[in-house]
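Here are my notes for you as a newcomer to this structure. Have the model open beside you and take the points in order.

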Amino acid sequence: MAPLDPHSFTDLTHPLTTHAALSLYFDLPSATIHGAALFTLSSPHSGPLSLDTRALSIHQILSPSTLSPLPFSLSPSPDPIKGTLLSLSLPNDKTLSSFLITFSTSPSSSALQWLSPPQTFNKKHPFVYTQCQSIHARSIFPCQDTPAARIRYSALLNIPRELSAVMSARHVDRRLPVSGEGYSNLLPNGFNSLWCSETRVVEEFDMNQPIPPYLFAFAVGELGFREVGPRTRVYSEAAEGVLEAAAKEFAGTEEMIKQGEKLFGDYEWERFDLLVLPPSFPYGGMENPRMVFLTPTLIKGDASGAQVVAHELAHSWTGNLITNKNNEHFWLNEGFTTYAERRIVEAVQGEDRAVLSIGIGWRGLNKDIERFKDNLELTKLKTNQEGVDPDDVYSRVPYEKGFQFLWHIEHQIGRSAFDEFIKKYIATFKFKSIDTETYLDFLKANVPGIEKEIDLVLWTEEAGIPPDAYEPISNLYTKIVSLANEFKLGKMPREDEVADWQGREWELYLENLPKVVEASQVIELDARYRLSESKDYDVKVGFLQLAILSKCRDFYGEVEKTLKEVGRMKYLRPLYTALVQGSGKEEQKILAKRIFAEARDSYHPIAQGVVESIFAKHL
């Protein structure tokens with residue numbers, strides 16, 4: 001076997017899948033999907049073929065022309081990171097380049113969260129959604145689950161007629177089911193006969209641009225939408241107030257798309273729709289093409305949540321058009337996108353807002369370098385992730401060190417020259433998956449002599465923060481950092497000094513405070529500015545983390561409430577870590593275990609796993 005990706009069973013010597021035609025029957029009461037999938041390879045193939053699966057039941061593998069069975073086997077025990085290897089054998093037929101698989105998911109699928117009616121806004125209907133990054137598409141359907149294997153797909157989603165569906169694909173039709181369509185007559189366990197039930201409807205989708213499997217996405221529930229621009233609808237559960245607040249928060253999306261196009265070239269995906277998910281969604285946003293998924297914690301009432309939308313929009317060029325070949329080169333996705341996001345924010349909201357973002361990122365990078373001081377491999381841009389679960393090592397390093405690297409190149413060669421370079425880079429590699437070496441070769445070919453001006457090996461292959469990285473500079477940034485330094489001396493910021501502050505300013509302020517202060521200082525800061533009650537979760541969680549580390553019990557109730565109402569890992573990770581890390585914290589550890597036991601079922605499976613890994617390390 002010649003592995004292509006440390007997180008996949010995909011074999012380099014086998015042809016890659018180019019298209020998957022999926023027929024999916026959603027059995028919401030049992031939290032299961034029954035599916036038939038027709039796969040097409042890049043070239044005819046005979047002999048063994050390796051696919052990734054996780055917690056899937058494989059019923060049949062058939063030749064699509066004759067429906068004769070093809071031999072297959074599953075590895076006897078799952079790999080804790082990669083899942084279960086599905087090996088099939090294609091016959092010695094020089095024309096065969098496709099095969100058919102029927103399968104069922106498990107309620108424990110790591111990509112899916114099934115919400116019961118009480119867990120939704122309206123509390124009337126169930127809801128299910130996906131999160132496939134980094135390596136979870138394999139828990140929905142068998143696939144070569146590596147970013148190196150870009151696929152097109154079509155999908156028939158058979159769902160209860162009172163619900164609707166969205167996907168990271170073009171919506172073709174909503175219609176009555178047709179008997180036998182998409183090999184639905186081969187669905188297992190009697191679901192073939194239920195396909196055409198009068199209680200069901202089919203939502204049909206098509207993605208005709210090749211995407212990495214981690215961008216496969218859908219959501220099914222009681223959905224509504226509002227138009228906010230010529231290319232953008234905002235979707236969410238059809239609950240009173242939610243849609244209106246989301247539409248108001250993201251009303252400026254079209255202007256950001258236009259600025260992105262000026263900077264990086266045409267927007268290639270036609271639509272840029274947004275889906276605001278229930279609070280359990282584990283990320284701030286997920287850049288699924290045509291249908292970005294967002295956490296409701298971005299709805300802050302002041303349009304500042306648009307910063308995350310800018311990041312997901314930037315992925316439309318860097319990450320979705322050009323993709324890292326595997327997770328060892330994740331910085332190619334996130335470093336470029338963080339740079340692109342800040343350029344869009346600067347164009348739309350001004351330089352001060354962009355500098356604040358850079359400053360918050362700089363503090364976050366320094367904190368994560370400290371977090372990985374015992375595993376310096378994870379502070380490199382190009383990493384070795386053999387035997388490493390990407391969910392366990394997710395950090396700001398690829399985002400912020402990657403940003404610093406590109407920012408440094410921009411400063412070295414000038415913005416206009418770097419802008420031309422980025423446009424050429426995107427045009428050259430669009431719809432391709434590349435590695436760090438490919439990027440560096442392209443950089444050196446198009447910016448002659450750059451390797452003599454910047455130590456490219458130091459930046460991409462060495463640990464830590466290079467000495468030529470730098471903090472941002474602006475009057476606002478300097479003022480906020482100065483006020484944070486004064487807090488260390490016991491001085492609280494005056495009301496006139498913070499009168500114009502929004503969430504980003506407070507976030508930067510909190511990032512620059514000492515890890516631990518006197519409990520009385522925490523109480524006084526909150527008495528004056530009510531940070532524990534902030535609607536901006538970045539501010540609220542930053543404050544609560546300070547309260548926990550300062551052993552200020554007054555806020556443990558608010559910590560518990562927060563951990564039970566949101567599932568975004570950006571908030572779960574620091575709060576649970578603050579509760580359990582270190583010695584002599586028995587009261588806090590007991591609190592953390594109780595909260596998790598009570599909140600666990602409301603978290604997405606990926607988030608459950610992250611909290612469990614924190615506990616395994618510190619308890």
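1. Start with S8 and S9, which run antiparallel and are joined by four bridges. Within that pairing, Leu 112 has Thr 130 of S9 as its bridge partner. Two strands count as paired here if DSSP finds at least two bridges between them. The strand and helix names are DSSP runs numbered from the N terminus, with at least two residues (E) for a strand and at least four (H or I) for a helix.

2. A word on where this comes from: it is a predicted model, in which local features need pLDDT of at least 70 and side-chain atom pairs count only at pLDDT 80 or more, while totals for chains, interfaces and linings use all residues. Residues are numbered from 1 along each chain as its sequence is written, and side-chain values use heavy atoms, with hydrogens and water left out.

3. Now follow S9 to its other partner. Strand S9 (residues 127-130) is joined to strand S14 (residues 218-221) by two bridges, and the two run antiparallel. Look for Tyr 129, whose bridge partner in S14 is Ala 219, and for Val 128, which stands opposite Val 220 in S14. S9 is covered on both faces: Phe 127 and Tyr 129 are buried on one side, Val 128 and Thr 130 on the other. Buried means under 20% relative accessible area, exposed means over 50%, and partly exposed is in between (1.4 Å probe, protein chains only). That fits a general pattern: in a regular strand the side chains alternate between the two faces of the sheet.

4. Zoom out and you get an open sheet of four strands, ordered S8-S9-S14-S11, with antiparallel pairing. Strand S8 (112-115) and strand S11 (164-167) each have a single partner strand, so one side of each of these edge strands has no neighbour in the sheet. From one strand to the next, the twist averages 10 degrees; the axes behind such angles are lines fitted to C-alpha atoms (for helices, over the stretch in contact), and angles run from 0 to 180 degrees between N-to-C directions.

5. Please also check the loop between S9 and strand S10 (151-160), where Ser 134 is found. Is Ser 134 buried or exposed? Ser 134 counts as buried because its relative accessibility is 14%. Leaving aside neighbours within four places in sequence, Ser 134 is in contact (heavy atoms within 4.5 Å) with Tyr 214, Asn 327, Pro 390 and Asp 391.

6. There is another open sheet, this one with seven strands in the order S4-S7-S2-S1-S10-S13-S12 and mixed pairing. Strand S4 (57-62) and strand S12 (170-175) are at the edges with a single partner strand each, so each has one side without a neighbour in the sheet. Here the twist averages 15 degrees from one strand to the next.

7. Strand S1 (residues 17-27) is a good one to trace, with eight of its eleven residues buried. S1 pairs with strand S2 (residues 32-41) in the antiparallel sense over ten bridges, and Ala 20 has Phe 39 of S2 as its bridge partner. The S1 and S2 hairpin has four residues between the strands, and Ala 31 there takes a positive phi near 50 degrees. With S10, S1 pairs in the parallel sense over seven bridges; His 19 stands opposite Arg 152 in S10.

8. Finally, helix H12 (residues 475-488). At 1.5 Å a residue, its 14 residues should span 20 Å, and the end C-alpha atoms are indeed 20 Å apart; the expected span is 1.5 Å times one less than the number of residues. Buried in H12 are Leu 476, Tyr 477, Ile 480, Val 481, Leu 483, Ala 484 and Phe 487. Down the axis of H12, the buried residues fall within an arc of 155 degrees, so they line one face of the helix; the arc is that of the directions from the helix axis to the C-beta atoms. These buried residues of H12 pack against helix H6 (351-371), helix H13 (495-498), helix H14 (503-511) and helix H15 (519-529). Just after H12, Gly 490 takes a positive phi of about 95 degrees.
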